[in-house]
Amino acid sequence: MDKVKVAINGYGTIGKRVADAVSLQDDMEIIGVSKTRPNFEAKLASKRGFSLYVPEDRIPAFEEAELEVAGTIEDMCREADVVVDATPGGIGVQYKELYERSGCKAIWQGGEKHDVAGFSFNALSNYDGALGRKFVRVVSCNTTALCRLLYLLDKEYGVKKVRAVLMRRGADPGDSKSGPINAIIPNPITLPSHHGPDVKTVLPHINITTLAAKLSTTLMHMHTLNVELSSPPASDDVRDMLSKEPRIFLATSDLKSTAELVEFARDADRPRYDIWENIVWSDSITVEDGELYLFMAVHQEAIVIPENVDAIRAMFELSDKEGSMKKTNESMGIGKLG
Ligand code: NAD
């Protein structure tokens, strides 16, 4: 089969990272990205060599900014085998009719509801369920991190009950409109936060309750987890088991905070300091009275990127789960942070 032709609708935080990750693969290629405004990200896309597709009524604005336009978003969808929709939550669903009409497959992100695709994806947890599918939703950053970890724990030790507290970043670093600047906001105040039910769209049998709060930080999320296990192992067994999974990084205690993790990723020459792995602090892993406790950090801008690449491979049946994840990991350098 020729390379899968991938288009990105919504070239923002997630879209531009997916475009770069797809460009690293030898079995898929970017045929274009959409932009609604001729801003700095449109210029970046053009500099990276990606064809720009824009809403018809915006073509003059792009021409005025001396940005070459390859066609409309409708044209892009007709030319693509699959569109990765990375538009803001709630916008992606409005494009479903266009994707259907254009005959392309589509992948939505976690800001859309499960129903948009009828299948929510996490590579480790349910790759096989996406084989040959037309529509898939890659779950959000927090849900991706929880699914990776809980899938592995459940497989090895059986998960009886999960209690998770999610301390969420208030905004992405490039977002100057959101907050809070000086507050911690229970979000929502009532239980559960949407993350527990979202985990169940991927792993329906996992018994999980989540609470969430928004904090005055942009760098990463932080989870505290408490997991009751059917066959509780020793703490070191959990460390050994997690250390074998490239998409999980066991951090040493000299990395004291999300700030130091970001610096660590910068020193490792990660593009945009992206951390694609779940960060689990090794010394926090504690099994006590049959229950596992740990701290886990999640880089919201990066963690879902490899999942989008694997979702494409599954939808076009280009590889089995192990083959796809290995290819994605090796091409991006996942599992080589330390
Ligand atoms: P973003 O705002 O950074 O980027 C969205 C892009 O879509 C922007 O370039 C915007 O100009 C463009 N856009 C807006 N309206 C459009 C339209 N009608 N047609 C085409 N393009 C349009 O958003 P993001 O953070 O990249 O989020 C995208 C999706 O990924 C959402 O579903 C979000 O929930 C999900 N997600 C975000 C994060 C994160 O932390 N940023 C993490 C995981 C998943």
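Select Ser235 to begin, a residue that is buried, with a relative accessible area of 19%, which puts it just inside the class, because buried means under 20% relative accessible area. The model on your screen is a predicted one, and that is worth keeping in mind at every stop of this tour. Ser235 has its place in helix α9, which covers residues 235-243. If you leave aside its neighbours within four places in sequence, you will find Ser235 in contact with Ile285, Thr286 and Val287.

**The two domains**

Now colour the protein chain by its domain assignment, which gives domain 1 (4-139 + 304-332) and domain 2 (141-298). The centres of domain 1 and domain 2, taken over C-alpha atoms, are separated by 26 Å, and the contact takes 26 residues from domain 1 and 18 residues from domain 2.

**The ligand**

Where does the ligand lie with respect to domain 1 and domain 2? Both domains give residues to the shell around the ligand, so it lies between them. Select this shell, and you will have 21 residues that surround the ligand, of which the closest are Thr13, Ile14, Lys35, Tyr95 and Asp172. When you colour the shell by residue character, it divides into seven nonpolar, eleven polar and three charged residues.

Next, show the oxygen atoms of the ligand and look for the protein atoms beside them. A polar side-chain atom of Lys35 lies 3.0 Å from a ligand oxygen atom, and a polar side-chain atom of Arg169 likewise lies 3.0 Å from an oxygen atom of the ligand. With Tyr11 you should display the backbone, for here a backbone N or O atom lies 3.5 Å from an oxygen atom of the ligand. Taken on its own, the ligand has 830 Å² of accessible area, and the protein covers 79% of it.

**Strand β1 and helix α1**

Move on to Asn9, which is found in strand β1, made of residues 4-9. Is Asn9 buried or exposed? Asn9 is buried, because its relative accessible area is 1%. Apart from neighbours within four places in sequence, the residues in contact with Asn9 include Ser34, Ile73, Met76 and Tyr99, and among them are also the consecutive residues Val83, Val84, Asp85, Ala86 and Thr87, as well as Tyr95.

Then select helix α1, residues 13-23, which is mostly covered, since nine of its eleven residues are buried. The buried residues of α1 are Ile14, Gly15, Lys16, Arg17, Val18, Ala19, Asp20, Ala21 and Val22. An α-helix has 3.6 residues a turn, so residues three or four places apart point the same way. To see what covers the buried residues of α1, display several elements together, including β1, β2 (28-34), α2 (40-47), β5 (82-85), α11 (305-315) and α12 (321-332).

**Lys105 in strand β6**

The next residue to pick is Lys105, which lies in strand β6, residues 105-108. Although lysine is a charged residue, Lys105 counts as buried, because its relative accessibility is 17%. Which residues does Lys105 touch, not counting those up to four places away in sequence? They are Asp81, Val82, Val83, Gly132, Arg133, Lys134, Met315 and Phe316. If you follow the side chain of Lys105, you will see that it reaches the backbone oxygen of Gly132 at 3.4 Å. Add Leu150 to the selection as well: Lys105 and Leu150 are 45 residues apart in sequence and 29 Å apart in space, C-alpha to C-alpha.

**Details of the backbone**

Go next to the loop between β10 (185-186) and α8 (195-202), where Pro188 lies, and where Pro192 also has its place. Asn187 and Pro188 are joined by a cis peptide bond with an omega of about 5°, and a cis peptide bond with an omega of about -10° joins Leu191 and Pro192.

Finish with two loop residues, and start with Glu66, which lies between α3 (59-64) and β4 (71-72). Glu66 has a positive phi of about 60° although it is not a glycine, and it counts as exposed because its relative accessibility is 74%. The last residue to select is Asp289, in the loop between β15 (286-288) and β16 (291-298). Asp289 is not a glycine either, yet its phi is positive, at about 50°, and with a relative accessibility of 74% Asp289 counts as exposed.

Methods:
Residues numbered from 1 in each chain as written. Predicted model: local features only at pLDDT ≥ 70, side-chain atom pairs only at ≥ 80, totals over all residues. Heavy atoms only, no water. Helix = DSSP H or I, 4+ residues; strand = E, 2+ residues; numbered from the N terminus. Buried < 20%, exposed > 50% of the residue type's maximum accessible area, 1.4 Å probe, protein only. Contact = heavy atoms within 4.5 Å. Near = heavy atom within 4 Å. Polar contact = N/O pair within 3.5 Å; in protein donor to acceptor, adjacent residues only side chain to side chain. Areas by Shrake-Rupley, 256 points an atom, 1.4 Å probe, with all protein chains shown as cover. Domains from an automatic or database assignment.
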